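Work through the exercises below with the structure open beside the text. Try each task before reading its solution.

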Amino acid sequence: MAVTSRQDNELARLKVTLLARRKQLEGEVEDGQQRRMDEDSFGSLAGEVADAGDASMATEQSGLRNTQIGRDIAEIRDIDAALERLDSGNYGICTRCARDIAIARLQANPSAQRCIECQTAHEQQFAGNATPSL
């Protein structure tokens, strides 16, 4: 992306956005891990007093929390990759077709690595079977 001074200002704003989001996600991951440790400690102290329904709910909540932590960690990795592209001068260039990514797309999703056309093709390619089957 050939950068003008106006675009340079926008890139600086996007970097601030990326760094702020990364910090927020780090806090969420830390909080989730702390809650998991607190609940694990409580469970070991309380012993086996839960009935099957309580155990099922605890397992479901734990799985949901682990999924959320995993999603946050994946987003942190995407942000780190975007920050690396910013530092190397490749930010805003589609990793698939090498065309510029529209600034509006980067404002909506600062860690975007593909232009909208390539992202659409990527999602269609990896969407899997959208029709439920038994």
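The exercises that follow concern a predicted model of one chain.

**Exercise 1. Describe the overall fold and the confidence of the model.**

Solution.
- Step 1. Take the secondary structure: the chain has four helices and zero strands. Along the sequence, this gives the pattern α-α-α-α.
- Step 2. Take the confidence: the chain has a mean pLDDT of 84, and 78% of its residues reach 70 or more.
- Step 3. Set the elements against each other. Helix α1, residues 5–46, has the lowest mean pLDDT of the elements, 82, while helix α3, residues 103–108, has the highest, 95.

**Exercise 2. State how much of the chain is buried, what its surface is made of, and how its contacts are spread along the sequence.**

Solution.
- Step 1. Of the 134 residues in the chain, 22% are buried.
- Step 2. The exposed area is about 9500 Å², and carbon and sulfur atoms supply 52% of it.
- Step 3. Consider contacts between residues at least 6 apart in sequence: 60% of them join residues at least 24 apart.
- Step 4. For a pair of residues distant in sequence, take Gln-33 and Ile-69. They are 36 residues apart in sequence, and their C-alpha atoms are 7.9 Å apart in space. Gln-33 is in helix α1 and is partly exposed, at 33% relative accessibility.

**Exercise 3. Find how many salt bridges the structure has, and work out which parts of the chain Lys-15 and Arg-22 help to link.**

Solution.
- Step 1. The whole structure holds six salt bridges.
- Step 2. One of the pairs is Lys-15 with Asp-87, with an N to O distance of 3.4 Å. Because Lys-15 lies in helix α1 and Asp-87 in helix α2, this pair ties together parts that are 72 residues apart in sequence.
- Step 3. Compare the surroundings of the two partners: Lys-15 is partly exposed, at 32% relative accessibility, whereas Asp-87 is exposed, at 61%.
- Step 4. Turn to Arg-22, which forms a salt bridge with Asp-80; their closest N and O atoms are 2.5 Å apart. This pair also links distant parts of the chain, with Arg-22 in helix α1 and Asp-80 in helix α2, 58 residues apart. Asp-80 is partly exposed, with a relative accessibility of 24%.
- Step 5. Add Glu-26: Arg-22, Glu-26 and Asp-80 are linked in a network of salt bridges.

**Exercise 4. Decide whether Asp-72 and Arg-105 are buried or exposed, and give the charged partner or neighbour of each.**

Solution.
- Step 1. Asp-72 has a relative accessibility of 5%, so it counts as buried. Asp-72 forms a salt bridge with Arg-71, with the closest N and O atoms 3.9 Å apart.
- Step 2. Arg-105 is in helix α3. Arg-105 is buried too, yet it has no salt bridge.
- Step 3. Look for the nearest side chain of opposite charge to Arg-105: that of Glu-123, 6.1 Å away. The cut-off for a salt bridge is 4 Å.
- Step 4. List what Arg-105 touches instead. Apart from neighbours within four places in sequence, Arg-105 is in contact with Ala-112, Arg-114, Cys-115, Ile-116 and Gln-119.

**Exercise 5. Count the disulfides and explain the result for Cys-118.**

Solution.
- Step 1. A disulfide needs two cysteine sulfur atoms within 2.5 Å. The count by this rule is zero disulfides.
- Step 2. Check Cys-97, which is in no disulfide: its nearest cysteine sulfur belongs to Cys-94 and is 3.7 Å away. Cys-97 is partly exposed, with a relative accessible area of 28%.
- Step 3. Check Cys-118. The closest cysteine sulfur to its own is that of Cys-115, at 3.6 Å, so the two are too far apart for a bond. Cys-118 is buried, with a relative accessible area of 8%.

**Exercise 6. Locate Ala-98 and say what marks its backbone.**

Solution.
- Step 1. Ala-98 lies in the loop between α2, residues 52–88, and α3.
- Step 2. Ala-98 has a positive phi of about 70°, although it is not a glycine.
- Step 3. Its relative accessibility is 55%, so Ala-98 counts as exposed.

Key:
Residues numbered from 1 in each chain as written. Predicted model: local features only at pLDDT ≥ 70, side-chain atom pairs only at ≥ 80, totals over all residues. Heavy atoms only, no water. Helix = DSSP H or I, 4+ residues; strand = E, 2+ residues; numbered from the N terminus. Buried < 20%, exposed > 50% of the residue type's maximum accessible area, 1.4 Å probe, protein only. Contact = heavy atoms within 4.5 Å. Areas by Shrake-Rupley, 256 points an atom, 1.4 Å probe, with all protein chains shown as cover. pLDDT = per-residue confidence, 0-100. Lys, Arg positive; Asp, Glu negative; His and termini not counted.
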